[in-house]
Amino acid sequence: MKKIEKIVIEGISISNCTKITGIERVCREILLRLDKSLAKEIPVEYVFPKYSKHGVVKPEEFENIKCVELHCKLQRVARYLALPRYVRKHNALCVCLPLELLYCKGRISSIYDLRSIIYKNFDTQRSRTVFKRILFNIKHFSKAIVTDSDYQKNEIIKRLKINPNKQKVYTVYPGWEHLKDLKIDETIFEKFSQIKKSEYFYSLGSLAPHKNFKWVMEVAKRNPDKKFVIAGGKDLKIWKEDISTTGQENLVFTGYVSDEENKSLMTNCKAFIFPSLYEGFGIPPLEALLCGAKVLCSNATCLPEVYEDTVVYFDPYDYDVDIEKLLQQPVADPEKIFEKCSWEKAAEKWREIILEQIELKPKN
């Protein structure tokens with residue numbers, strides 16, 4: 001077997017994203033840190049199709065990673081032909097940070113959750129079929145898989161019938177540093193004059209069924225004297241329903257917000273609510289803790305593993321809750337969560353995984 005000469009980081013899908021949300025956030029933060037660590041030990045290339053928009057990370061942001069443009073315009077051609085051919089030609093190890101359908105053998109792949117095959121009513125039939133194809137592709141073409149919590153790691157091993165002795169699955173927690181030095185944009189309160197500082201409960205996430213904003217809507221109905229704010233985009237091509245059309249006066253949908261606007265909303269809220277039914281990790285509560293917000297969190301899936309005793313948990317199927325009593329419950333200092341989940345540690349873990357797969361001893 002030939003010695004690996006370089007690392008090729010697949011940028012087919014993320015190079016054309018224009019908005020940074022959960023998975024795109026992970027890709028950006030890991031890439032920028034691998035640029036300063038891994039790329040000093042072995043040649044690393046970020047490969048993408050022609051005419052990419054570069055909304056997640058721009059080529060000029062790299063210092064050591066080399067950017068390579070594939071001579072094709074279509075993502076489908078890049079996945080099926082151009083990138084696999086490039087990896088073989090240069091005897092490289094392909095690393096996929098986003099979830100990707102890619103015909104490239106022996107790669108390192110990412111799976112962030114298995115929602116589409118576990119909650120069948122949350123996605124369209126088409127999106128579920130595509131997701132199954134991607135999982136089949138990853139299982140048979142990857143030498144290692146990376147996910148974002150031990151809960152997901154166990155789910156992947158179980159449901160994909162992975163043999164850990166032949167195909168390793170690693171857990172890498174996402175981080176919080178992207179919000180640390182970010183300025184607050186308070187113009188969001190001018191855009192939505194009905195939102196008053198310290199007088200609203202805030203939630204963030206795509207308006208997808210598994211995010212369970214139905215819980216917020218039902219609690220809002222039971223508490224007409226309280227204001228609830230939900231921020232996040234919607235894609236009706238993927239999700240079956242549009243919940244943002246409610247006529248509840250005490251419920252405000254802002255749509256997609258910038259990082260600066262989100263930080264402002266988290267900093268000034270009465271509490272941050274995260275009612276999700278299913279998560280691979282769940283970054284928003286981590287962001288809210290960093291902003292000093294009290295966090296009310298669903299007790300579903302991986303969330304207790306990630307946030308331990310630093311948030312107040314509730315049953316995401318129970319709408320008859322006393323939200324004021326939830327606010328009064330004590331929580332632990334979140335510093336231990338910031339220590340456990342950081343982009344620096346995540347990037348270092350990715351570096352170690354990559355070097356392990358090419359049998360190259362990490363430099364101190």
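Which residues in α8 are buried? Let me start there, and then I'll walk you around the rest. The ones to look for are E261, N262, K263, S264, L265, M266 and N268, which are buried in α8. The helix covers residues 259–268, and because seven of its ten residues are buried, it is largely enclosed by the rest of the structure. What do those buried residues pack against? Four elements: α6 (188–191), β8 (200–204), β11 (271–274) and α9 (284–290).

Before I go on, a word about what we're looking at. This is a predicted model. The average pLDDT for the chain is 91, and 95% of the residues score at least 70. There is one stretch to flag, residues 235–242, where the pLDDT is below 50. That stretch still has 21 contacts in the model beyond near neighbours in sequence.

Okay, over to K73. You'll find K73 in the loop between β3 (66–70) and α2 (75–89). Is K73 buried or exposed? K73 has a relative accessible area of 60%, so it counts as exposed. Even so, K73 has some company: leaving aside neighbours within four places in sequence, it is in contact with P49, K50 and Y51. If you want a sense of distance, take K73 and K89, which are 16 residues apart along the chain; their C-alpha atoms are separated by 20 Å.

While we're in this area, have a look at L81, which lies in helix α2. L81 has a relative accessible area of 46%, so it is partly exposed. L81 also belongs to a nonpolar surface patch of about 440 Å², made together with L74, V77, Y80 and Y103.

Now a strand. In β5, residues 107–110, R107 and S109 point one way while I108 and S110 point the other way. That fits the usual picture, in which side chains in a regular strand alternate between the two faces of the sheet. Here, all four of those β5 residues are buried, whichever way they point. Which strand does β5 join? It's β6, residues 142–147; the two run parallel, and four bridges join them. To see one partner, find S110, whose bridge partner in β6 is V146.

Next is A220, in helix α7 (residues 213–222). Why does A220 count as buried? Because its relative accessibility is 1%, and the cut-off for buried is under 20%. Setting aside residues up to four places away in sequence, A220 touches F228, Q248 and N250. And here's a long hop along the chain: A220 and Y319 are 99 residues apart in sequence, yet their C-alpha atoms are 9.5 Å apart in space.

Last topic, salt bridges. How many does a search of the whole structure find? The count is 26, and I'll just pick out a few.

Start with E61 and R28, whose side chains meet in a salt bridge at 2.8 Å, N to O. This pair links distant parts of the chain, with E61 in the loop between β2 (44–49) and β3, and R28 in helix α1 (residues 22–34), 33 residues apart. The two ends have their own labels: E61 is partly exposed at 28% relative accessibility, whereas R28 is buried at 18%.

Then there's R159 with E155, where the closest N and O atoms are 3.1 Å apart. This one stays inside a single helix, α5 (residues 150–159): the partners are four residues apart, so about one helical turn separates them. In an α-helix there are 3.6 residues a turn, so residues three or four places apart point the same way. R159 is partly exposed at 40% relative accessibility, while E155 is buried, with a relative accessible area of 11%.

My third pick is E308 and K336, with their closest N and O atoms 3.6 Å apart. E308 sits in the loop between α10 (303–307) and β13 (312–314) and K336 in helix α12 (residues 335–340), so the pair ties together parts that are 28 residues apart in sequence. Both are partly exposed: E308 has 34% relative accessibility, and K336 has a relative accessible area of 37%.

And to finish, a network rather than a pair. R25, E29, R33, D259 and E344 are linked to one another through salt bridges in a network. D259 brings us back to where we began, since α8 covers residues 259–268.

Key. Residues are numbered from 1 along each chain as its sequence is written. This is a predicted model: local features need pLDDT of at least 70, side-chain atom pairs count only at pLDDT 80 or more; totals for chains, interfaces and linings use all residues. Side-chain values use heavy atoms; hydrogens and water are left out. pLDDT is the predictor's confidence in each residue, from 0 to 100. Contact means heavy atoms within 4.5 Å. Buried means under 20% relative accessible area, exposed over 50%, partly exposed in between (1.4 Å probe, protein chains only). Patches are made of residues with over 30% relative accessible area and no salt bridge: like charges are joined within 9 Å, nonpolar side chains (Val, Leu, Ile, Met, Phe, Trp, Tyr) within 5 Å. Accessible areas come from the Shrake-Rupley method with a 1.4 Å probe; for residues, only the protein chains shown count as cover. A salt bridge is a side-chain nitrogen of Lys or Arg within 4 Å of a carboxyl oxygen of Asp or Glu. Two strands pair if DSSP finds at least two bridges between them.
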